[in-house]
Amino acid sequence: MSLSVPGSVAGVAPKGVPVAALVADGYASNVFAEKQEQLLKVCAYVEEKGFIPKELVFNEVSWFYGNLGIDDMYFQLESVETIAQHIMALYGAKILAYTRNENALDINLERETDDGAVYINTSQAGVSALNGPQHEKRIDDRYLDRSTKDLAYRMESYRSSGTVSAALSTQLRCYFVRKCNFINPNSSLAEEADIRVVSDRTFLEKATENTLDIYSKLMKEALARTGPVIEMFELPGTREKRLVVAYKQRTTTSFNSAMSDLYHFYSLYSTRKYIEQFSNGITIMCLYLDQTPGSKGPPIEHTIFQVMKEASLIHCLPITPLQKFFQEGKLSVQECIYGYVGWIFAQHFLNRLGHEYATLTTILNQSNSVHVETLSKIKKRLRSDTFTREYILDIVKMYPELIKLCYTNFAMEHYISSVKDKAIPSLSYQRLQTASVLDHAELLEKIRRTVQNNHELMIFESYVTFNKHVLKTNFYQPTKVSLSFRLDPSFLPEIEYPNRVYGMFLVIGSEFRGFHLRFQDIARGGIRIVRSRNKEAYSINLRSLMDENYNLAATQQRKNKDIPEGGSKGTILLDATQQDKARQAFEKYVDGILDLLIVGNSPGIKERIVDLYKRPEILFFGPDEGTAEFMDWASSHARNRGATFWKAFTTGKSQSLGGIPHDVFGMTTRSVHQYVLGILRKLGIKVCSPGSLLYAVGADIDDFYSKEETIHKLQTGGPDGDLGSNEIKISKDKTIGIVDGSGVLYDPQGIDRDELRRLAENRQMIINFDMSKIGPEGFRVLVDETGVRLPNGTIVDSGVKFRNDFHLNPLATAELFVPCGGRPEAVDIGNVGQLLKEDGTPRFKYIVEGANLFFTQEARLRLEKAGVIIFKDASANKGGVTSSSLEVLAALAFTDAEFSQHMQVKPNAPTPQFYTDYIKSVHSIIEKNAELEFEAIWRESARTGKPKAVVSDELSFAIIKLDGELQGTTLWENEGLRKVVLREAFPNILLEKVGLEGLMQRVPETYVRAIFGSYLASRFVYKYGTEPGQFAFFEYMAPYFQKVAAV
């Protein structure tokens, strides 16, 4: 059926805009002044067509116009021809129903375009029609979820007040979607809270002053808040309630349809609903709700508060694979979402390896590369094949009654029993009081009696495991944007995760899932966005997410050996269909974790949660892949939420917030390149780097770079990235290949360095390389290209595959390989052989692993055995974490006023001298730490004959172990010794500005103790190695005690 589209002329009100009939409940009623005149024209048109008997035409048309109760907006927007067609379609449907002896009609009329849509369908009040046209879901998908301030759609929806005829009880639901025409599409920061500036023109024409006041208040709150703002208003003289929800655009999906499911669950229905968009990025939903006629459920006076309470939960996760149970009334929204969370937990933490695998690891020789490769393949297959997410979900869906029992077990521990609940108990609180409550042992026994096989048992056992190890959660916070859980990680099997994790967070949002792991109480590490190019890549990333996070955090733990913080890492996996929502996912991830770090004290917004951990926690976040530009927001958001630790919460912030951006100052590259220069220096190749003695005294630097310029290098991670761009700017080698997100750039004679520097300065991918500067044997293959012929005649079928595997391609042969980007385990025991030539000699002589986990440990050992000099990530790329640690130290050392004066670079103002000097100090410390570890690894490897990758780990473990022991000894209690050590450990520039006593008073004692331990431990191990003599530590400490005695 063809329908016209409302609002076809942008900026012009439709002909016959209704007269404003102001009402007290919020919107001007739609009154079409030309309705009677139009009715006569429709009668004439219908009579002319002859489909309806002439004597019945007036009655049918009059019923449609009057008795059916369709809102006047429909008549004002549709043409005579369209309305007549709808009346004839309705008459035909009634005839069909009569012949089938049915007392209800099934009507579905629709029209969709990019400018808007009209939908009309039969609708039963208070019921989610699972087999119906799903118009609300389509409106969400096509219009509302896509709305931004640049292109947005508003919606009005009305339920007909009458039935289609006197004999039939069928009512109609109408939806009108229209493209917004904002008063000011580009409002300034000063104007963004002015509702008369940021509104759609049609909304302003229809909204009453009451509505403008309500929406303005909620809009301002939504602008200042991450999550939704929810308010309810009574309508005088009626039981009907007006529910208004304001939230930021693109922070949820399918919210409109999910809210319908929610209030239907509580036997409510909407008489009208409005969804308005604003050019400041805010969406406001307004629902007029009433009790479903004949309902036997609780009265609306109670259920409306439950809808308000659960709207925030719906906003977090509007749609889950268990939605059908909610729509059918078998599970509540809380039970469904809990079941979904448990399903995610099971995907990542079912112990799929089993005892047989453990036995096999003890039988096989871990030093045998063939055995290691076999174990690796078995491990991957067991994890991917035994319990797929589809298989787990199918089993979960078989037992909704078990989900209900598991949820009750969870809720009895973590439900926030507010004062309001006890005065006027909420429905969810009442449900818990009457539910069957089982403890963990009883629940497991019930599961065993219910399920049919061992696989089903293992899946539901994982739900119990989840319940037992949740220490705190925001599940019951009144407002939230994601679900976060602080977990006790003791359930992790040692065979899969041999190093004990100290703390674990699981965060789930509508666009993502994510983890945060740390190995010590005070720990630091970056937050990484994990993207997936297609569904296959998403499945791979999903299976490996927890392992990747664990390995990254473990690597961070090893590289953090020089600093007071232990290692941590966060990962955020974007859902397959949400690859453009990185910022939204990051903000929800951070806000969800802050819910668990900051004690709630705002009733109805952020309340005090159940805390089984019972100790304060602080996490330190840093930039990683895809998150560098979000650090400012995270710091500011923590401050806005009242976090006392906001200055130190994130590192790598912009300079205006007192941050030390890694990319701007090349912090990570400082460390990586020190290892490159160290290798060349050990091999007799003369080098000179900025900051070295020769450079400082003014020697001709080009004389010392002459040998480095002869070195050919392959680099993954391009000029658009932090590490890649700075590696290009700091080095002078002949780079033969660059691999980045856009493709592969290659020239065996060396890529034009001036053009590479141009890209690096502008942070652009190699897709922007000027190909006129490539040599005759060079080429560029972009990821979207297919069938590309290389200069040697090879045909590249897939640009994506060529890019992903180029580091394994024989063309990628050079003396030096510096991975500055790429996916973890890009080289493993299964493909490392491709880095060897046919005669067994390696294609690279030297490898400095800038990118985290680019090589597996087995691959590194295989390469070292073949003669490659390789320095692993945990040693080579620790410059960034050192910089971050010193950034935090400055934040902790200064008061807010001092921090603003000395560390914050104000726009259009000179850079504080302290800040400039502090950057130089950070550079010096990074280079010194890299030099100390490089020399220790080189020396220990030569002394013991062990591979450098093994020595690197042994040094890290030795430092971490000694650090922990030193912090627990009486050495810390010796105040004189403590001060002597800290005078060396603290940067001189901070000592000069704040003083030792000031630093010890301002910086938390746990942090100062960690500085004391890490400094002594790292310097001792770097000097004496992993196997020191019996009296080495006494010898090492003697000078310190002499200084104490001299004071």
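## A walk through the model, starting from a buried glutamate

Glutamate 617 is buried, because its relative accessible area is just 2% and anything under 20% counts as buried. Keep in mind as you look around that this is a predicted model. Glutamate 617 sits in the loop between α22 and β15. Setting aside neighbours within four places in sequence, glutamate 617 is in contact with Lys472, Arg486, Phe505, Arg518 and Leu597. Two of these contacts are worth zooming in on. The side chain of glutamate 617 makes a polar contact with the side chain of lysine 472 at 3.3 Å, and another with the side chain of arginine 486 at 3.0 Å. As for leucine 597, it is 20 residues away from glutamate 617 along the chain, yet the C-alpha atoms of the two are separated by 5.9 Å.

Stay in that loop for a moment and find lysine 614, which also lies between α22 (582-597) and β15 (620-623). Is lysine 614 buried or exposed? It counts as exposed, because its relative accessibility is 67% and the cut-off for exposed is over 50%. The backbone has something to show here too. Most residues other than glycine have a negative phi. Lysine 614, though, has a positive phi, near 65 degrees.

You can find another positive phi at asparagine 908, about 60 degrees, and this residue isn't a glycine either. Look for asparagine 908 in the loop between α35 (896-902) and α36 (913-944). With a relative accessible area of 87%, asparagine 908 is exposed.

Now for another asparagine, number 560, in the loop between α21 (535-559) and β14 (566-574). Asparagine 560 is buried, with a relative accessible area of 2%. What does asparagine 560 touch, not counting residues up to four places away in sequence? The list is Arg524, Glu565, Gly566, Gly567 and Val881. With arginine 524 there is a polar link: a polar atom of the asparagine 560 side chain lies 3.4 Å from the backbone oxygen of arginine 524.

Next stop is glutamate 785, in the loop between β19 (779-782) and β20 (788-789). Glutamate 785 counts as partly exposed, since its relative accessibility is 29%, which falls between the 20% and 50% cut-offs. Its side chain reaches the backbone nitrogen of leucine 782 at 2.9 Å. Leaving out neighbours within four places in sequence, glutamate 785 is in contact with Arg780, Asp797, Ser798 and Gly799. For a sense of scale, try glutamate 887: it is 102 residues from glutamate 785 along the chain, and their C-alpha atoms are separated by 43 Å.

Let's step back to a pair of helices. Helix α2 (residues 54-67) and helix α4 (residues 80-99) pack with their axes 11 Å apart, at an angle of about 105 degrees. That makes α2 and α4 roughly perpendicular to each other, because angles from 65 to 115 degrees count that way. On the α2 side, the contact is made by Leu56, Glu60, Val61, Phe64 and Tyr65, and on the α4 side by Ile83, His86, Ile87, Leu90, Tyr91 and Lys94. Sorted by class, that comes to eight nonpolar, one polar and two charged residues.

Finally, how confident is the prediction? The chain averages a pLDDT of 88, and 91% of the residues score at least 70. There are stretches where pLDDT stays under 50, including residues 1-24 and residues 689-706. The model has 60 contacts beyond four places in sequence for residues 1-24, and 22 for residues 689-706.

Notes. Residues numbered from 1 in each chain as written. Predicted model: local features only at pLDDT ≥ 70, side-chain atom pairs only at ≥ 80, totals over all residues. Heavy atoms only, no water. pLDDT = per-residue confidence, 0-100. Contact = heavy atoms within 4.5 Å. Axes fitted to C-alpha atoms, helices over the stretch in contact; angles between N-to-C directions. Helix = DSSP H or I, 4+ residues; strand = E, 2+ residues; numbered from the N terminus. Parallel < 35°, antiparallel > 145°, perpendicular 65-115°, else oblique. Nonpolar A, V, L, I, M, F, W, Y, C, P; charged D, E, K, R; others polar. Buried < 20%, exposed > 50% of the residue type's maximum accessible area, 1.4 Å probe, protein only. Polar contact = N/O pair within 3.5 Å; in protein donor to acceptor, adjacent residues only side chain to side chain.
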